[in-house]
Amino acid sequence: MIVSRRTVLQFAAAMAASSTPALAQTSGQRIVSLDYGLSSTLLSLGISPVGISDLADWGRWVVEPVMPDSVVDIGSAFEVNVEILLQLKPDIILTTPYLDEVLPRLKPYGKIVRLEIFTPDSGPVLQSAIAATRKLSVELGREKEAEAFLQRSEAFFDQCRQRLAGKNVPSIALVNFMDARHLRIYSSPGLFHNVLERIGVRNAWTRQSNFWGFETIGIEDLSKIEDQDARLVAFDPVPPDVLPKLAQSPLWRKLPFARPGHLSILPAALMFGMVNEAVRFAGLLTELLEREP
């Protein structure tokens, strides 16, 4: 899908608002992050990490904000390159409960700061992300920057909601295609579902998901969506063989989403993210829905 010039400008403005002018400065501490959402939040607090995990895939899954060239790839979050850690000499290593099994190996290399966003007891992910942003800002002495960032993000969500108000917005089923027969579908209490609620869009998939905000289903399960006018919105990357195979599938052709205009593809947005990733998704979806008659 080609992103329009308006989307590019929209995100440039949103991300500029989310990133403070002090980005080139540091908190006086060398920080390594093992989580994409925490990494992007650091940037929005005006801090560039010295290293992050899985940097090579940042542009594929996170996209915005752009990670500075100075940041070093420390390898996979589960297999951190300790030689690089020794060279970076981090004061702080940011992590989440998802990576608890690797903490014993990391403790000798820096202070561990563990922030909870996706846990069985965390509730709505967007609210957990906001709380984690504030907690991180206290740890780094960036409370003022965090509040400014969160206020601008809330204002952006309000703008998206206002832009869609009064339009005949269909309910939306959000998915990632795994292959031509399986997909992830997003619902409560996940980040994408929270954004849908925040900008006034109905989620067509009403079943509760796991605490990550998704469940894996078969293509046939899409028939359980009751709203026959619902739109299916899939995120890139879509495996290259999926759409050709669906076009030949008798099962797919029986679904309402096979009708023209009922399936759309959005650029990548990270479901395992935090506030920046919620902002990116809100903007992408709002522009898509604004183009509807």
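## Helix H8 and the sheet beside it

In this predicted model, the residues Leu191, Phe192, His193, Asn194, Val195 and Leu196 of helix H8 are buried.

**Exercise 1.** Work out why helix H8 is described as largely enclosed by the rest of the structure, and name elements that cover its buried residues.

*Solution.* Begin with the cut-off, under which a residue is buried when its relative accessible area is under 20%. Helix H8 spans residues 191-198, and six of its eight residues are buried, so the helix is largely enclosed by the rest of the structure. Next, look for the cover: the elements over the buried residues of H8 include the helices H6 (125-140) and H11 (275-290), together with the strands S8 (172-177), S9 (182-186) and S11 (231-235). Finally, follow the chain just beyond H8, where Gly200 takes a positive phi of about 80°.

**Exercise 2.** Determine the order of the strands in the five-stranded open sheet, and identify its edge strands.

*Solution.* Reading across the open sheet, the order is S10-S9-S8-S11-S12, with mixed pairing. The edges are strand S10 (214-218) and strand S12 (263-266), each of which pairs on one side only. From one strand to the next, the twist averages 35°. Within the sheet, S8 and S9 pair in the antiparallel sense over three bridges, and Val175 has Ile185, in S9, as its bridge partner.

**Exercise 3.** Describe how helix H11 is placed relative to the strands that it lies across.

*Solution.* First identify the strands, which are S8, S11 and S12; then take the direction of the helix, which runs at about 140° to S12. Returning to the first exercise, H11 is also among the elements that cover the buried residues of H8.

Terms used. Residues are numbered from 1 along each chain as its sequence is written. This is a predicted model: local features need pLDDT of at least 70, side-chain atom pairs count only at pLDDT 80 or more; totals for chains, interfaces and linings use all residues. Side-chain values use heavy atoms; hydrogens and water are left out. Buried means under 20% relative accessible area, exposed over 50%, partly exposed in between (1.4 Å probe, protein chains only). Helices (H or I, at least four residues) and strands (E, at least two) are DSSP runs, numbered from the N terminus. Contact means heavy atoms within 4.5 Å. Two strands pair if DSSP finds at least two bridges between them. Axes are lines fitted to C-alpha atoms, for helices over the stretch in contact, and angles run from 0 to 180 degrees between N-to-C directions.
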